[in-house]
Amino acid sequence: MDPYFLQIEMLPALHGDCLWIEYGRGAAARRMLIDGGPIGAYAALQRRMEQLPEGDRLFELMVLTHVDTDHVDGLVRLFAQPRTAWEFDVRDVWFNGWKHLEQQTLGANQGEFFSALIENRLGSGRWNKAFGGDTVVVPEEGLLPRITLKNGPTLTLLSPTRAKLNRMREMWRKTLTRFAPGDLEAAWAALATQKKYLTDKTLLGSTQELDARLLRQALPDRAVPNGASIAFLLEYQGMRLLLLGDAHPGLIVASLKRLLRERGQRRLKVDAVKVAHHGSKSNTSDALLALVESPRFLISSNGAIFRHPDDEAIERIIARSVVQPPELHFNYRSERTAPWDDEVRRAELGYRTCYNLEPDAPMVLRLERAD
């Protein structure tokens with residue numbers, strides 16, 4: 001009997017995130033897409049879409065974690081194709097737009113564009129469908145939201161909270177200048193003037209020295225859009241991925257503690273962690289690493305724009321990972337990641353590295369489990 005599999009592909013999304021996930025058994029694959037990367041990386045997403053087999057182009061879920069352009073632009077471009085030209089379908093799209101912020105965000109324009117596209121292309125019935133059309137949010141108390149996809153994995157929501165979304169609502173309101181928040185007709189009209197989204201003219205281990213350095217704690221991330229990021233634990237047939245988006249570490253720590261209390265566990269055992277915010281030093285903390293038992297850490301960035309990953313984040317993962325030696329997976333060999341491919345450094349600190357050596361191909365991690 002064929003084993004179950006869970007596969008994550010970090011597409012070459014430049015300085016952003018575009019994660020393609022497939023799962024199933026044998027040749028029967030189901031899929032999810034998390035974020036679309038910046039507009040300059042759209043060709044990579046398009047190539048991957050074109051590889052879908054005829055008659056099997058359904059996504060169980062697409063997630064836009066938050067509205068920073070290095071996550072949202074590729075999805076806006078994908079959805080901006082004329083609906084008649086789509087060669088895929090999607091059951092559910094998770095994204096907290098203005099209407100969800102109002103019920104109780106930098107990139108607000110793109111957030112409105114994507115909201116208008118969902119409404120016009122799919123209708124509200126497939127927008128946050130798993131949440132009854134309401135906000136994708138972690139409640140202040142009680143069990144964490146847990147969604148099981150059809151024939152697929154269980155997703156346990158870890159971020160955002162209502163407080164984080166309230167801050168995003170205020171930023172969203174202040175950032176928009178061309179139309180009012182939530183005016184999707186105006187956003188739809190404005191989208192037609194955004195040439196970058198259009199397909200044509202028609203709208204769409206450790207050392208003492210390292211320990212001493214890590215005592216100088218980096219300031220935690222306080223960026224409002226990152227705080228609104230959707231993050232979750234994906235579990236399928238005993239395999240687990242921790243997908244952190246750009247979420248704030250304090251919130252992830254709080255959610256993990258809630259989950260571990262519920263399960264009666266000290267640590268969460270996973271097969272891989274998609275490191276938050278492309279390996280920013282402000283999004284990976286000692287407290288977070290102490291709660292997670294993972295042999296692999298995945299970093300998505302080519303080092304452009306914000307020069308991620310930060311050395312401090314990689315050093316912290318190496319020194320504080322519960323599993324030793326940890327394995328670092330980079331979807332680019334760049335100026336920021338190449339220095340970690342050093343035999344002396346690996347021997348001294350105790351870690352392993354995996355690099356994607358094909359610039360136009362995704363970095364693939366495939367997990368398998370027999371009955």
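## Exercises on pockets, a cavity and an open sheet

The second largest pocket of this predicted model has a volume of about 170 Å³. Let's begin there and work outwards.

**Exercise 1.** Find which helix gives the most to the lining of the second largest pocket, and sort the lining by class.

*Solution.*
- Step 1: List the lining. It consists of Tyr 42, Gln 46, Met 49, Glu 50, Arg 57, Leu 78, Gln 81, Ala 85, Trp 86, Glu 87 and Phe 88.
- Step 2: Look for the main contributor. Helix H1, residues 42-50, gives the most, with four residues.
- Step 3: Sort by class. Six lining residues are nonpolar, two are polar and three are charged.

**Exercise 2.** Leu 78 lines the pocket you have just studied; decide whether helix H2 is mostly covered or mostly open.

*Solution.*
- Step 1: Take the cut-off: a residue is buried when its relative accessible area is under 20%.
- Step 2: Apply it to H2, residues 69-79. Ten of the eleven residues are buried, and the helix is mostly covered.
- Step 3: Check some names. Leu 78 is among the buried residues of H2, and the list also includes charged ones such as Asp 70, Asp 73 and Arg 77.

**Exercise 3.** Describe the second largest cavity by its volume and by the classes of its lining residues.

*Solution.*
- Step 1: The space in this cavity comes to about 50 Å³.
- Step 2: Its lining is made of Leu 244, Val 273, Val 275, Ala 276, Asn 283, Thr 284, Leu 288, Leu 289, Phe 297 and Ile 317.
- Step 3: Eight of these residues are nonpolar and two are polar, with no charged residue.

**Exercise 4.** Work out the strand order of the eight-stranded open sheet, and explain why E8 and E17 each have one side without a neighbour.

*Solution.*
- Step 1: The order is E8-E9-E10-E11-E13-E15-E16-E17, with mixed pairing.
- Step 2: E8 (146-148) and E17 (352-355) stand at the edges and have a single partner strand each, so one side of each lacks a neighbour in the sheet.
- Step 3: Ignoring direction, neighbouring strands are turned by 20 degrees against each other on average.
- Step 4: Zoom in on one edge. E16 (residues 327-330) pairs with E17 in the parallel sense over four bridges, and Glu 327 has Arg 352 in E17 as its bridge partner.

**Exercise 5.** Identify which strands helices H9 and H11 touch as they pack on the sheet.

*Solution.*
- Step 1: H9 (residues 249-263) touches E8, E9, E10 and E11, and its direction makes about 135 degrees with that of E9.
- Step 2: H11 (residues 311-320) touches E15 and E16, and its direction makes about 150 degrees with that of E16.

Definitions and conventions. Residues are numbered from 1 along each chain as its sequence is written. This is a predicted model: local features need pLDDT of at least 70, side-chain atom pairs count only at pLDDT 80 or more; totals for chains, interfaces and linings use all residues. Side-chain values use heavy atoms; hydrogens and water are left out. Buried means under 20% relative accessible area, exposed over 50%, partly exposed in between (1.4 Å probe, protein chains only). Helices (H or I, at least four residues) and strands (E, at least two) are DSSP runs, numbered from the N terminus. On a 1 Å grid over the protein atoms alone, a cavity is a set of points where a 1.4 Å probe fits but cannot get out, and a pocket is an open set with protein on both sides within 12 Å along at least five of seven lines; lining residues have an atom within 4 Å of a point. Grid points are joined across faces, edges and corners, and a volume is the space filled by probe spheres set on the points. Two strands pair if DSSP finds at least two bridges between them. Axes are lines fitted to C-alpha atoms, for helices over the stretch in contact, and angles run from 0 to 180 degrees between N-to-C directions. Contact means heavy atoms within 4.5 Å.
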